Amino acid sequence: IQAYSDKVRFRARQQRQYRSLVGRPAVTRDGALISLQMNAGLPDDLVHLEQSGAEGIGLFRTELQFMVAATFPRGDRQTQVYRAVIEGAGAKPVTFRTLDIGGDKVLPYMRQHPEDNPALGWRGIRMGLDRAALLRTQLRAMLRAAEGADLRVMIPMVSEPGEIIAARAILDREIDLVRRRGGQ
């Protein structure tokens with residue numbers, strides 16, 4: 001009980017200290033201004049954007065919506081989630097990370113490949129390129145959600161330049177498709 005009470009008091013003290021810093025610019029000792037952004041994974045996390053004083057969402061972990069679902073979220077559902085995040089952030093930037101499943105993050109409805117080192121193997125961009133329909137659906141949902149807004153996409157677990165080139169080619173095809181269908 002004493003250890004828990006100490007931990008609660010320590011956390012409360014930390015929170016008071018953090019609240020006193022909200023709104024103050026983040027500047028290094030040599031005067032360089034730093035943009036502090038928060039991490040998020042679900043639309044519910046957006047309440048912390050204003051509370052924290054963050055200048056945006058530097059990492060939106062899209063895999064969390066996949067992890068809480070019973071099946072793969074369809075494109076229209078992904079679009080709704082991404083749109084809610086963009087609208088909730090207002091004028092602040094949001095960087096969406098494409099699906100990063102593997103290692104410690106598993107989906108009960110998706111078969112995993114047995115690997116010697118799952119933390120570095122078939123996950124992130126390698127899984128996305130191998131299951132390109134999933135990556136295409138996710139990128140298309142992001143593009144539709146961002147209509148007219150700045151869209152920032154992070155590709156996880158890149159290990160060689162060819163993976164970025166292949167991901168960019170898929171993104172470019174999805175941009176063309178959305179535009180042909182009347183999107184921006």
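Select alanine 167 to begin, a residue placed in helix H7, where helices (H or I, at least four residues) and strands (E, at least two) are DSSP runs numbered from the N terminus. At 5% relative accessibility alanine 167 counts as buried, the classes being buried under 20% relative accessible area, exposed over 50% and partly exposed in between, with a 1.4 Å probe and protein chains only. The model is predicted, so local features need pLDDT of at least 70 and side-chain atom pairs count only at pLDDT 80 or more, while totals for chains, interfaces and linings use all residues. Residues are numbered from 1 along each chain as its sequence is written, and side-chain values use heavy atoms, with hydrogens and water left out.

Now display the neighbours of alanine 167: leaving aside residues up to four places away in sequence, it touches Ile125, Leu129 and Ile155, contact meaning heavy atoms within 4.5 Å. A C-alpha to C-alpha distance drawn from alanine 167 to isoleucine 125 should read 7.7 Å, although the two are 42 residues apart in sequence.

Next, extend the selection to the whole of H7, whose 20 residues reach 29 Å from first C-alpha to last, close to the 28 Å expected at 1.5 Å a residue; the expected span is 1.5 Å times one less than the number of residues. Colour Glu163, Ala167, Ile170, Leu171, Glu174, Leu177 and Val178, which are buried in H7. These residues cover an arc of only 120 degrees around the axis, which puts them on the same side of H7, the arc being that of the directions from the helix axis to the C-beta atoms. On the other side of H7, Pro161, Ile165, Arg173, Arg179 and Arg180 are exposed, whereas the cover over the buried residues of H7 includes H5 and H6.

Stay with two charged residues on the buried side. Glutamate 174, with a relative accessible area of 4%, is buried and touches Arg136, Leu139, Arg140 and Leu143, not counting residues up to four places away in sequence. Glutamate 163, buried at 7%, forms a salt bridge with arginine 126, the closest N and O atoms being 3.3 Å apart; a salt bridge is a side-chain nitrogen of Lys or Arg within 4 Å of a carboxyl oxygen of Asp or Glu. Since glutamate 163 lies in helix H7 and arginine 126 in helix H5, the pair ties together parts that are 37 residues apart in sequence. For a bridge inside H7, select arginine 168 and aspartate 172, whose side chains meet at 2.9 Å, N to O.

Then move to the largest nonpolar core, of 32 residues, in which Ile57, Phe60, Tyr82, Val85, Val94 and Phe96 touch the most other members. Such a core is a set of buried Ala, Val, Leu, Ile, Met, Phe, Trp, Tyr and Cys residues joined through side-chain atoms within 4.5 Å. H6 gives the most to this core, with six residues.

Finish at the aromatic rings, where pairs link Phe60, Tyr82 and Phe96 into a cluster. Rings of Phe, Tyr and Trp (its six-membered ring) pair if their centres lie within 6.5 Å, and planes under 30 degrees apart count as stacked, over 60 as edge-to-face and the rest as tilted. The rings of phenylalanine 60 and phenylalanine 96 have centres 5.5 Å apart and planes at 70 degrees, so the pair is edge-to-face. Phenylalanine 60 and phenylalanine 96 are both buried.
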